[in-house]
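Welcome, and thanks for opening your viewer. Let's take a short walk through this model, one selection at a time.

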Amino acid sequence: MLLLAKGFAQQTEDYAAHILEHVQPQVSEEIQQQAALEVIARLLPQQQAEKFRVTIDSSMERNSFSLFKGEEVSDPSEVQITASSGVAATKAFYHYLRYWCRVLVAWEGSQLNLPAVLPPVNVTIQAPSSIIYYQNVCTWSYSFTWWSWPQWRRHIDWMALQGITLSLAPFQEDLWTQVYLEYNLTHAQIDDHLSGPGFFAWQRMGNIRGWGGPLTLSFTQFAHTLQVRVVGEMRRLGMAVALPAFAGHLPIQFRTLYPNVSFANVSVWNNFPPQYASPLFLDPTEPLFAEIGSRFLQLAIKTYGTDHVYFSDPFNEIDPTLPSGKYLSSVSEAIYITMVQVDPDAIWLLQGWMFVKNPFWSDRAIRSFLSAVPLGRMLVLDLQSEQYPQYGRTASYAGQPFIWCMLSNFGGTLGMLGSVGNVFRGIRETRDNSTYTLLGTGITPEGINQNYALYEFALEMGWNAELDSTEQWFGEYAVARYGNDSDERAQQAWNIFLRTVYSFEGLELMRGKYTFNRRPSSKIRPWTWYDVHTFNQGLELLLSFAEEASCNQLCRYDLVDATRQCLQHTADALYLTLMDSFKKRDLTSFRLHSSLFLQLLSDLDVLLRTNEHFLLGPWLESAKAHAETTLERRKYEYNARIQITLWGPQGQIVDYANKQWAGMVQDFFLPRWRVFLGELDQALATNGTINDLKIRDKIFRTVELPFVTDSKHYATQPSGDAVRTARTLYERWTNDVPPLKPLPGSPGGRRKSEKRRNKCCPFSIFCSAVSRSHSLRFCTAFRYSPSVSGHAANSPR
């Protein structure tokens, strides 16, 4: 394998040439300059914004900038920015704000208290990454679904400040509606296929059809107009945008239209019922594939322009028809040729995730599939490099360039979690290894609006080759987040968070898997990879800082977030204790701890109400705001409610995308646990037994289904004092509770090393041959791990 990688390394002058030549800003230097100045003007008051001067010089090295402020110029009060592109200029601006002025712009707010006199600067930076990538195909469903232009305006500004150079424009239902009509499908048949807005991502990947639909004309027109605006603004800044290409997924009616063509029914995904399952998959070697693919891509380019990058993932949740290398090569070649027949400069953007989750993809199969595309005409996203990197076992994707990506989040769930050490080491080691065809770095979360520090850190690693200390970076982050008047307690708190919640290095599925927000069961096994007492010390430091200093909006957000994390630890311990009492048939102890568990959930809802970012109301109201009729309003609210609860009609993938939001805790999580604990209480009182399946069905009928079809209004504005509430609940649930069972340090109480060996034992020979430096454990590539698009690990039992 290493020899093969070295062979490809000899062609390093070739593998990136085509991409770097054609993935360039599409607009003039003047337009990029104006767009960058507009970002600055939106962020700062006019008097401060006017102190920045921007020059775009496309002859500079790619992704580079210089900053200067000093006495040697005519106006020493101004900051001069010279950059290779508009997005490099906005990155330079944020670099100055972040590291010279100690301020921060985050998803959940900003701290922009600049010094009265801007500090001098003289620095030139060239990014070690040729491409800085952002987005997951699921992000549009889990986070962006209900956004309108104001939210996108702020988010594009944030992308520009972070120096993101490549992203996605995945909305395509407008295009497919037109294409399907050209193939004589009726509007009713199209309605049967296209999903509702909350489930676009999985309909596009062929997992489901029609779920949450039918899609309305008004939403299609809205999303089309919005994407035109989003794409246009990103290109004004010099970013590149990847458009969708045909991956083979079609409505079932095509089988009747073309009876002599080879179609496959996609296997039923996560037990979805027949009316929402098994769309068709058109074999890419069929001539009809090239015909439909060309027609679709021509329309996409006509509608949205092009940066020559097209994403297509034909096999995220299905296996190819045949395992032979010859067939896999012909499939890959057919998809690529369909692209270049429309755009001769086309670059295929491929998610490498399909190689992780499926044992079908042997080394030989991967090599056959990737090598069929000319070197440098495919760009692979190594989608979860911090945990399941694939560039090692695939011989650097058979020589195709790839992007090192941090995924970190599934379903947009909340919970403080991250693998900072893996990101830090992984990017540096991969970048320093000349056998790899690394072209850039990026972030690929399924959902945003959580763990912001982690994402800014990963993006900074893509721009800053000199970043050599995670402790220093997170200490500076705390100062920038809370302002220059923040003291050592805030920095110490973040240092503790870095060593606890952000130190995850395992393979277990820890995304939002806390006891209270899971469907109740007697078989939940909570555990944690860090010391809870140490984490609480960090929260205590943050609380004391907030009570004695000026606690800004970001400080208040963090207090709610960290206190929520603390209460989740206590809920986990309460669950273990009450289940222990149940097994011992100790009714008195069980009732005590059950009462405490339910009270904790009520208190958690009170805490979450104090911050606008932890409210259910905005999610539901933003969905309903798109409606033009009562029926549409009900449809969109249903999409919004069921995505974050049951996901599928009978609870397929239940809780995968749930959120710890006020309103959802009070009216969804708490009632579920009240039913469950009531059943256990009755079993103890009558000397009976419990049946988890019967309890689950009762919860489904009495709590879950009523919630997703309800129309209750929830607050969209916070209430209560976040600092005072956090302090009260912290004291109540750390100091004022009886002794509880401790959380295990690994699943089932086993040592992590034992669990890892057990997971890998079928491939122990292969695993042992892999060097420790590639440990994010390539052996897991053969295990059916949680799918970024399909969530296989959450299939209902």
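At what angle do helix H23 and helix H30 pack, and how far apart are their axes? Keep in mind that this is a predicted model. Select residues 532-548 for H23 and residues 722-734 for H30: the two helices pack at an angle of about 145°, and their axes lie 10 Å apart. Their crossing is left-handed.

Now show the side chains where these helices touch. On H23, pick Asn-536, Leu-539, Glu-540, Leu-543, Ser-544, Ala-546 and Glu-547. Facing them from H30 are Val-723, Ala-726, Arg-727, Tyr-730, Glu-731 and Thr-734. Colour these residues by class and you should find six nonpolar, three polar and four charged.

Next stop: another helix pair. Select residues 617-624, helix H26, together with residues 630-643, helix H27. Here the axes come within 8 Å and cross at roughly 145°. The crossing of H26 and H27 is right-handed.

Which residues make this contact? From H26, display Trp-619, Leu-620, Ala-623 and Lys-624; from H27, add Arg-633, Tyr-636, Glu-637, Ala-640, Arg-641 and Gln-643. By class, this contact has five nonpolar, one polar and four charged residues.

Finally, zoom out to the whole chain. Colour residues 16-126 as domain 1 and residues 566-736 as domain 2, following the domain assignment. The centres of domain 1 and domain 2, taken over C-alpha atoms, are separated by 45 Å.

Note on methods: Residues are numbered from 1 along each chain as its sequence is written. This is a predicted model: local features need pLDDT of at least 70, side-chain atom pairs count only at pLDDT 80 or more; totals for chains, interfaces and linings use all residues. Side-chain values use heavy atoms; hydrogens and water are left out. Domain bounds come from an automatic or database domain assignment. Axes are lines fitted to C-alpha atoms, for helices over the stretch in contact, and angles run from 0 to 180 degrees between N-to-C directions. Helices (H or I, at least four residues) and strands (E, at least two) are DSSP runs, numbered from the N terminus. A crossing is left-handed if the near helix is turned anticlockwise from the far one by less than a right angle, and right-handed if clockwise. Contact means heavy atoms within 4.5 Å. Ala, Val, Leu, Ile, Met, Phe, Trp, Tyr, Cys and Pro count as nonpolar, Asp, Glu, Lys and Arg as charged, and the others, Gly among them, as polar.
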